[in-house]
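Let's take a walk through a protein structure together. Have the sequence and the 3D view ready, and look up each residue as we come to it.

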Amino acid sequence: MMDNLLHTIPNLKPFDFNQHHAALFIDQKWVLVNGISEKKSIYMFRDNNILEIYRKASLIETSWNRDDDNIFNIETEDGHITVKAYFKDDDILVLSHQDKEEFALFINTSNYDEDVNTIDDVQNFLKDKYKQKVSSLIHGHEFYYISKSREFGPFTVEKLAEKVKQKAISAYCFVRDINENDYSKRMRINDLIQEL
């Protein structure tokens with residue numbers, strides 16, 4: 001079962017109480033992605049083991065508790081279930097059902113200004129989230145570029161953008177991250193500039 005989940009959603013990290021509980025899990029607005037087209041559900045795990053599930057204008061109050069490490073018992077309107085909790089990153093939570101080959105995928109919309117009601121909204125959420133992540137990663141990061149068979153650098157993206165603006169180099173020169181050995185990713189300066 002776990003192999004199946006890891007194949008579907010790679011790089012999952014098990015829930016870690018000290019790292020995730022207060023900072024990422026409790027009192028967050030977790031939108032259930034599974035079945036969002038039929039009905040939107042928002043889950044809020046509260047400190048006092050209360051689970052609030054919001055659907056349209058109704059609130060369902062149930063309970064949850066942590067058994068061991070990343071194993072949770074959740075009481076739902078369908079009965080008692082046992083799940084293992086994983087994070088893909090700070091805003092993506094996966095609860096893997098322990099008795100079935102099923103999992104629930106949630107996104108944390110607590111700090112997101114738009115409503116998430118459809119699969120398209122989920123895609124926009126993820127696109128915005130990863131755009132911000134890429135943008136924050138490349139600021140201050142350094143890259144080499146290759147021009148006329150010679151390598152130059154390393155330079156920050158801001159410096160490369162400045163060189164392109166001054167027409168000192170082409171926006172279509174290939175770049176490589178300082179941690180990479182070659183240009184096999186075929187990324188160009190223009191690709192980096194677009195992420196700024």
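We will go through strands, charged pairs and pockets in turn.

A word on the ground rules comes before the tour. This is a predicted model, in which local features need pLDDT of at least 70 and side-chain atom pairs count only at pLDDT 80 or more, while totals for chains, interfaces and linings use all residues. Residues are numbered from 1 along each chain as its sequence is written, and side-chain values use heavy atoms, leaving out hydrogens and water.

Let's begin with strands. Helices (H or I, at least four residues) and strands (E, at least two) are DSSP runs, numbered from the N terminus. Two strands pair if DSSP finds at least two bridges between them. Find strand β5 (residues 58-68), which is joined to β6 by 4 bridges, with the two running antiparallel. One residue to look for is R66, whose bridge partner in β6 is F72. The hairpin of β5 and β6 has 2 residues between the strands, and D69 in this hairpin takes a positive phi near 45°.

Now carry on from β6 to β7. A hairpin of 2 residues makes this connection, and 6 bridges join the antiparallel strands β6 and β7. Here F72 turns up again, with V83 as its bridge partner in β7. In a regular strand, side chains alternate between the two faces of the sheet.

Further along the chain there is an open sheet of 4 strands, in the order β11-β10-β12-β13, with antiparallel pairing. Its edge strands are β11 and β13 (187-188), each of which pairs on one side only. Strand β10 (residues 142-147) is joined to β11 by 5 bridges, and the two run antiparallel. To find this pairing, look for S147, whose bridge partner in β11 is R150.

Next come the charged pairs. Side chains of opposite charge can pair when their charged atoms come close. A salt bridge is a side-chain nitrogen of Lys or Arg within 4 Å of a carboxyl oxygen of Asp or Glu. How many salt bridges does the structure hold? There are 5.

One of them joins R176 to E151, with the closest N and O atoms 2.8 Å apart. This pair links distant parts of the chain, since R176 lies in strand β12 (residues 174-177) and E151 in strand β11 (residues 150-156), 25 residues apart. Are the two partners buried or exposed? Buried means under 20% relative accessible area, exposed over 50%, and partly exposed in between (1.4 Å probe, protein chains only). R176 is buried, because its relative accessible area is 10%, whereas E151 is partly exposed, with 40%.

Another salt bridge brings together E162 and K159 at 3.4 Å, N to O. These two are about one helical turn apart, because they are separated by 3 residues in helix α4 (residues 157-165). E162 is partly exposed at 38% relative accessibility, and K159 is also partly exposed, at 35%. E180 and K185 meet in a salt bridge too, at 2.9 Å, N to O. K185 counts as exposed, with 59% relative accessibility.

There is also a network of salt bridges that links D27, R46 and E52. Look for E52 in strand β4 (residues 50-55), where E52 counts as buried at 13% relative accessibility. A polar contact is a pair of N or O atoms within 3.5 Å; within protein, one must be able to donate a hydrogen and the other to accept it, and residues adjacent in sequence count only if both atoms are side-chain atoms. The side chain of E52 makes such a contact with the side chain of R46 at 2.9 Å, and another with the side chain of Y54 at 2.7 Å.

Finally, let's look at the pockets. Rolling a probe the size of a water molecule over the atoms shows where empty space is left. On a 1 Å grid over the protein atoms alone, a pocket is an open set of points where a 1.4 Å probe fits, with protein on both sides within 12 Å along at least five of seven lines, and lining residues have an atom within 4 Å of a point. The largest pocket holds about 590 Å³ of space. Its lining has 21 residues, of which L32, Y43, D78, I81 and A104 lie nearest the centre. Strand β9 gives the most to this lining, with 3 residues.

Terms used. Points joined across faces, edges and corners; volume = space filled by probe spheres on them.
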